[in-house]
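Subject: Handover of a structure and the findings on it

Dear colleague,

Please find the structure below, handed over for your own work. The findings follow directly after it.

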Amino acid sequence: MTKKPTFKRQEHWRYKKLGDSYRRPRGKLSKRRRYQARKPAMARVGYRSPKSTRGLHPSGFKDILVSNVEEIKALNPETDAARISATVGNRKRQLIVAEAKKLGVKILN
């Protein structure tokens, strides 16, 4: 599988105020909109990832947000990985990590 190009906004390097988050070029004479040679790729349907891998963490696990020990017990260690919520304190975090280690569940953060 080939890597997707990073789609950036047209002429993002030219004006600092634009930022580089992608916007579709809509200009009448826009060279990028007309797919002219040597212009960066434009986001389109053909770049979509396969349905089986869509939305997964790069490690291949499904990313599940966890905020207590009961939620970690409900995870499947073969397909799910836990991400501990930012609002969880240190004491509860240690309990969650200990339970995850016992069950064999991967922690992402």
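A residue is called exposed here if its relative accessible area is over 50%, buried if that area is under 20%, and partly exposed in between. By that cut-off Arg 14, with a relative accessibility of 52%, counts as exposed. Please bear in mind throughout that this is a predicted model.

Salt bridges

The count of salt bridges comes to 3. Arg 14 takes part in one of them: its side chain meets that of Glu 11, with 3.2 Å from N to O. Glu 11 has a relative accessibility of 28% and is therefore partly exposed, because the range between the two cut-offs of 20% and 50% carries that label.

Glu 11 deserves a second remark, on its backbone. This residue lies in the segment before β1 and has a positive phi of about 55 degrees, although it is not a glycine. Tyr 35 also lies in the segment before β1, and a positive phi of about 55 degrees is found there too, again in a residue that is not a glycine. As background, most residues other than glycine have a negative phi.

Another salt bridge joins Arg 83 to Asp 63, and their closest N and O atoms are 2.8 Å apart. This pair links distant parts of the chain: Arg 83 belongs to strand β2 (residues 80-84) and Asp 63 to strand β1, with the two positions 20 residues apart in numbering. Arg 83 is partly exposed at a relative accessible area of 27%. Asp 63, at 33% relative accessibility, counts as partly exposed as well.

The side chains of Glu 99 and Lys 102 also meet in a salt bridge, at 3.5 Å from N to O. Both residues lie in helix α2 (residues 90-103), and they are 3 residues apart, about one turn of the helix. Are the two partners buried or exposed? Glu 99 has a relative accessible area of 12%, so this residue is buried. Lys 102, in contrast, reaches 64% relative accessibility and therefore counts as exposed.

The sheet

How are the strands arranged? An open sheet is formed by 3 strands in the order β1-β2-β3, and the pairing is parallel. The edge strands are β1 and β3, each of which pairs on one side only.

The strands β1 and β2 run parallel and are joined by 5 bridges. Asp 63, the salt-bridge partner of Arg 83, stands opposite Ala 81 in β2. On the other pairing, 2 bridges join β2 to strand β3 (residues 106-107), and these strands run parallel too. Ala 81 appears here again, standing opposite Lys 106 in β3.

Why is β2 described as largely enclosed by the rest of the structure? The reason is that 4 of its 5 residues are buried, which means that each of those has a relative accessible area under 20%. Arg 83, at 27%, is partly exposed and lies in this strand.

The helix that holds the pair Glu 99 and Lys 102 is also part of a larger arrangement: β2, α2 and β3 make a right-handed β-α-β unit.

Aromatic residues

The structure holds 2 aromatic pairs. In one of them, the rings of Phe 7 and Tyr 47 have their centres 5.0 Å apart and their planes at 70 degrees, so the pair is edge-to-face; the label applies because planes over 60 degrees apart are counted that way. Phe 7 and Tyr 47 link distant parts of the chain, being 40 residues apart, although both lie in the segment before β1 (62-66). Tyr 47 has a relative accessible area of 26% and is therefore partly exposed.

Which residues form the aromatic cluster? Phe 7, Tyr 22 and Tyr 47 together make up one such cluster.

In brief, the points handed over to you are the 3 salt bridges, the open parallel sheet in the order β1-β2-β3, the right-handed unit of β2, α2 and β3, and the aromatic cluster of Phe 7, Tyr 22 and Tyr 47.

With kind regards

Methods. Residues numbered from 1 in each chain as written. Predicted model: local features only at pLDDT ≥ 70, side-chain atom pairs only at ≥ 80, totals over all residues. Heavy atoms only, no water. Phe/Tyr/Trp six-rings, centres within 6.5 Å; stacked < 30°, edge-to-face > 60°. Buried < 20%, exposed > 50% of the residue type's maximum accessible area, 1.4 Å probe, protein only. Salt bridge = Lys/Arg side-chain N within 4 Å of Asp/Glu carboxyl O. Pairing = 2+ DSSP bridges. Right-handed = clockwise from strand over helix to strand, strands pointing away.
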